[in-house]
Amino acid sequence: MSKSKEALLIIDYTYDFIDDHGALTCGKAGQDCEDTIIKLANEFVVNDNYVILPTDCHKLNDPFHPESKLFPPHNIEGTSGRDFYGKLKIWYEENSTKNNVWAMPKTRYSSFVGTNLDLDLRMRGVETVHLVGTCTDICVLQTAIYAYNLGYKIVVHQDGVAGTSPENHQFALANMKNNLGATII
Ligand code: ZN
């Protein structure tokens with residue numbers, strides 16, 4: 001029997017969510033995740049595991065999208081706001097041709113909603129998802145909830161996730177640990 005695989009999900013680590021001038025930024029808390037994310041990404045590639053980058057892809061002022069009423073426009077298709085931030089942009093350019101690395105558009109908070117992520121993970125024998133990126137209390141939390149309901153083991157790297165505030169970040173980490181059985185490391 002082959003050894004079960006693991007996947008690192010780098011969620012929404014883009015200019016709009018991380019840069020000081022991004023449209024919906026976590027600011028410094030997000031920027032501080034950069035080195036942890038790159039270190040983990042390199043480890044996952046070397047160990048023949050998977051690195052997947054689920055990234056918001058929105059249409060400008062889409063009247064049918066619920067986020068249009070909740071947030072300023074962000075991660076709009078075809079704009080540099082969707083570019084990966086900082087070192088991750090370079091990392092992805094250098095690694096995107098590997099068949100265990102790919103970016104994946106999503107339109108909802110959870111990386112599993114309206115995407116092939118669950119199928120892609122199951123076909124590859126992935127049983128554990130590792131979560132980094134933003135925001136701890138929105139897309140990371142909602143991805144963790146769906147992963148829990150689909151039967152995945154969850155690991156959250158606390159130095160690799162940033163929230164909308166320190167309080168919301170801590171709430172989400174505790175929620176994932178206590179209610180979803182996530183390992184927080
Ligand atoms: Zn969004």
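User: Why does Y50 count as buried?

Analyst: This is a predicted model, and in it Y50 has a relative accessibility of 13%. The cut-off for buried is under 20%, so Y50 gets that label.

User: What about W102, buried or exposed?

Analyst: Buried. W102 comes out at 17% relative accessibility, and that is under the 20% limit.

User: How many aromatic pairs are there, and what makes Y50 and W102 one of them?

Analyst: Ring centres have to lie within 6.5 Å to pair, and by that rule the count is 4 aromatic pairs. Y50 and W102 have their centres 6.0 Å apart, with 65° between the planes. Planes over 60 degrees apart count as edge-to-face, so that's what this pair is called. As for where the two rings sit, Y50 is in strand β2 and W102 is in strand β3 (residues 101-106), and the pair links parts of the chain that are 52 residues apart.

User: Then what makes F112 and Y152 a stacked pair?

Analyst: Again, distance and angle. The centres of F112 and Y152 are 5.8 Å apart and the planes sit at 25°. Stacked needs under 30 degrees, so the F112 and Y152 rings qualify. F112 comes from the loop between β3 and α6 (117-123), while Y152 comes from the loop between α7 and β5, so parts 40 residues apart in sequence are tied together. F112 and Y152 are both buried.

User: Switching to charges: how do you know that K5 and D48 form a salt bridge?

Analyst: The N to O distance between their side chains is 4.0 Å, and the rule asks for within 4 Å. K5 is in strand β1 (residues 5-11) and D48 is in the loop between α3 (34-46) and β2 (50-56), so the bridge ties together parts 43 residues apart in sequence. Both ends are partly exposed: K5 has 22% relative accessibility, and D48 has 48%. Partly exposed is the band between the buried cut-off of 20% and the exposed one of 50%. The structure as a whole holds 11 salt bridges.

User: Why are E93 and K89 described as about one helical turn apart?

Analyst: They're 4 residues apart in helix α5 (residues 86-95), hence the description. Their side chains meet in a salt bridge at 3.7 Å, N to O, which satisfies the 4 Å limit. The two ends get separate labels, though. E93, at 54% relative accessibility, counts as exposed, since the bar is over 50%. K89, with a relative accessible area of 34%, is partly exposed.

User: What makes K153 and E127 a salt bridge, and which elements does the pair tie together?

Analyst: The K153 and E127 side chains meet at 3.8 Å, N to O, and anything within 4 Å qualifies. K153 lies in strand β5 (residues 153-162) and E127 in strand β4, so this bridge ties parts that are 26 residues apart in sequence. E127 is partly exposed at 40% relative accessible area. There's also a salt-bridge network in which shared partners join D12, D56 and K106.

User: Still in β4, why is T128 called buried?

Analyst: T128 has 8% relative accessibility, and buried means under 20%. This residue sits in strand β4 (residues 126-134). Leaving aside neighbours within four places in sequence, T128 contacts K5, E6, A7, K153 and V155.

User: What makes β4 and β5 paired strands?

Analyst: Pairing takes at least two bridges, and β4 and β5, which run parallel, have 6. One landmark is T134, standing opposite A162 in β5. From β4 the chain crosses through helix α7 (residues 136-149) to β5, in a right-handed β-α-β crossover.

User: And how do you know that β5 pairs with β6?

Analyst: β5 and strand β6 (residues 183-184) share 2 bridges in the parallel sense, and at least two is what the rule wants. V155 stands opposite T183 in β6. With helix α8 (residues 166-180) between them, β5 and β6 form a right-handed β-α-β unit.

User: Why is β5 described as mostly covered?

Analyst: 7 of the 10 residues in β5 are buried.

User: Which residues touch the most other members of the largest nonpolar core?

Analyst: I10, V51 and M176, out of 52 residues in that core. Not counting residues up to four places away in sequence, the contacts of I10 include I37, A41, V51, L88 and V132. Nonpolar side chains tend to be buried together in soluble globular proteins.

Conventions: Residues are numbered from 1 along each chain as its sequence is written. This is a predicted model: local features need pLDDT of at least 70, side-chain atom pairs count only at pLDDT 80 or more; totals for chains, interfaces and linings use all residues. Side-chain values use heavy atoms; hydrogens and water are left out. Buried means under 20% relative accessible area, exposed over 50%, partly exposed in between (1.4 Å probe, protein chains only). Contact means heavy atoms within 4.5 Å. A crossover is right-handed if, with the strands pointing away from the viewer, the path from the first strand over the helix to the second runs clockwise. A nonpolar core is a set of buried Ala, Val, Leu, Ile, Met, Phe, Trp, Tyr and Cys residues joined through side-chain atoms within 4.5 Å.
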